[in-house]
Amino acid sequence: MSRFSTEPGESYCGQIVGASFVLRGLSDTMRMRMTFDADHLADAPGALSTDDQLLTDAPMRPIPEITNDPLSTFNFGEGRDKNLLFAIDPSDPSRGPTIMVIVSLMHAGDAEVRLVRGAPSANGGSAGAANGAPLFGVFAPMTRQPGQCSF
């Protein structure tokens, strides 16, 4: 997996998939930057930033227990070398609690990133404030580029 690590001054850059059926609580024009270090998956796998400042060099946090759980082997869809699950906190605590991050490392050398938090309430309304607004977004493709992307 080390081939997916970004070098200093390099980032994965991409835009959210704007289709409404895979989008909740995020702008349909949102862009993301990711640094990634495959040699530090257990302690410091990288950071995410979004152009709306939801995330600003926010560190992805590994979940140690997943290493010893069958969830560490989850696989979905074609073309993925590995899927990884992390947690991340918004840069501004007023933007809600922890968000789950799914990073898919693709055969072609790029990546996909999914942000997931909560779900709509059973009656179709918003989730409670303690849970934060439900979020779902897919950023694909995330391609490796020199620099800090365009934001």
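Analyst: A disulfide is a pair of cysteine sulfur atoms within 2.5 Å of each other. In this predicted model, 1 disulfide is present.

User: What makes the pair Cys13 and Cys149 a disulfide?

Analyst: The sulfur atoms of Cys13 and Cys149 are 1.8 Å apart. The cut-off is 2.5 Å, and the pair therefore qualifies. The angle about the S-S bond is -90°, and the link is left-handed.

User: Why can this disulfide be said to tie together separate parts of the chain?

Analyst: Cys13 belongs to strand β1 (residues 10-15), whereas Cys149 is in the segment after β10, so the link joins parts that are 136 residues apart in sequence. Phe151 is also placed in the segment after β10. Between the C-alpha atoms of Phe151 and Cys13 the distance is 9.9 Å, with 138 residues separating the two in sequence.

User: How do you know whether Cys13 is buried or exposed?

Analyst: The relative accessibility of Cys13 is 7%. Buried means under 20%, so Cys13 counts as buried.

User: What makes the backbone of Cys149 notable?

Analyst: Phi of Cys149 is positive, about 70°, although the residue is not a glycine. Asp57 is another such case, as its phi is near 45° and it is a residue other than glycine. Asp57 sits in the loop between β4 (46-50) and β5 (58-59).

User: Which form, cis or trans, does the peptide bond from Ala140 to Pro141 take, and how do you know?

Analyst: Omega of this bond is near -10°, and the bond is cis. Pro141 lies in strand β10.

User: Why is Ser49 called buried while Phe151 is called partly exposed?

Analyst: Ser49 has a relative accessibility of 2%, under the 20% limit, so it counts as buried. Phe151 has a relative accessible area of 30%, which falls between 20% and 50%, and it is therefore partly exposed.

User: How do you know that Ser49 and Phe151 are in contact?

Analyst: Contact means heavy atoms within 4.5 Å. Beyond four places in sequence, the contacts of Ser49, a residue of strand β4, include Phe151, together with Arg31, Met32 and Arg33. Seen from the other side, Phe151 touches Arg31, Met32, Arg33, Ser49, Thr50 and Asp51. The contacts of Ser49 also include Leu55, Thr56 and Asp57.

User: What makes Gln53 and Ser121 partly exposed?

Analyst: The relative accessible area of Gln53 is 48%, below the 50% that exposed residues exceed and not under 20%, so Gln53 is partly exposed. Ser121, at 25%, falls between those limits and is therefore partly exposed as well. Gln53 lies in the loop between β4 and β5, and Ser121 in the loop between β9 and β10. Outside its sequence neighbourhood of four places, Gln53 touches Ser91 and Arg95.

User: Why is a set of 28 residues called a nonpolar core?

Analyst: The term requires buried residues of the listed nonpolar types, joined through side-chain atoms within 4.5 Å. The largest set that meets this has 28 residues, and Met34, Leu48, Val113 and Leu115 have the most contacts inside it. Two or more residues come from each of β3 (31-36), β7, β8 (99-106), β9 (111-117) and β10 (135-146). The largest share, 4 residues, is that of β8. In soluble globular proteins, nonpolar side chains tend to be buried together.

User: Which residues are in contact with Leu115 beyond its sequence neighbours?

Analyst: With neighbours within four places set aside, the contacts of Leu115 include Leu26, Met32, Leu48 and Leu55. Ile99, Met100 and Val101 are also among them, as are Leu135, Phe136, Gly137 and Phe139.

User: What makes a residue part of the lining of the largest pocket, and what volume does the pocket have?

Analyst: A lining residue has an atom within 4 Å of a pocket point. The largest pocket has a volume of about 270 Å³. It is lined by 15 residues, and the closest to its centre are Leu41, Ile63, Ile66, Thr67 and Leu85. Strand β7 (residues 80-88) supplies the largest share of the lining, 5 residues.

User: How do the lining residues divide into nonpolar, polar and charged?

Analyst: The lining has 11 nonpolar, 3 polar and 1 charged residue. Leu and Ile count as nonpolar, so Leu41, Ile63, Ile66 and Leu85 belong to the nonpolar class, while Thr67 counts as polar.

Terms used
Residues are numbered from 1 along each chain as its sequence is written. This is a predicted model: local features need pLDDT of at least 70, side-chain atom pairs count only at pLDDT 80 or more; totals for chains, interfaces and linings use all residues. Side-chain values use heavy atoms; hydrogens and water are left out. On a 1 Å grid over the protein atoms alone, a cavity is a set of points where a 1.4 Å probe fits but cannot get out, and a pocket is an open set with protein on both sides within 12 Å along at least five of seven lines; lining residues have an atom within 4 Å of a point. Grid points are joined across faces, edges and corners, and a volume is the space filled by probe spheres set on the points. Buried means under 20% relative accessible area, exposed over 50%, partly exposed in between (1.4 Å probe, protein chains only).
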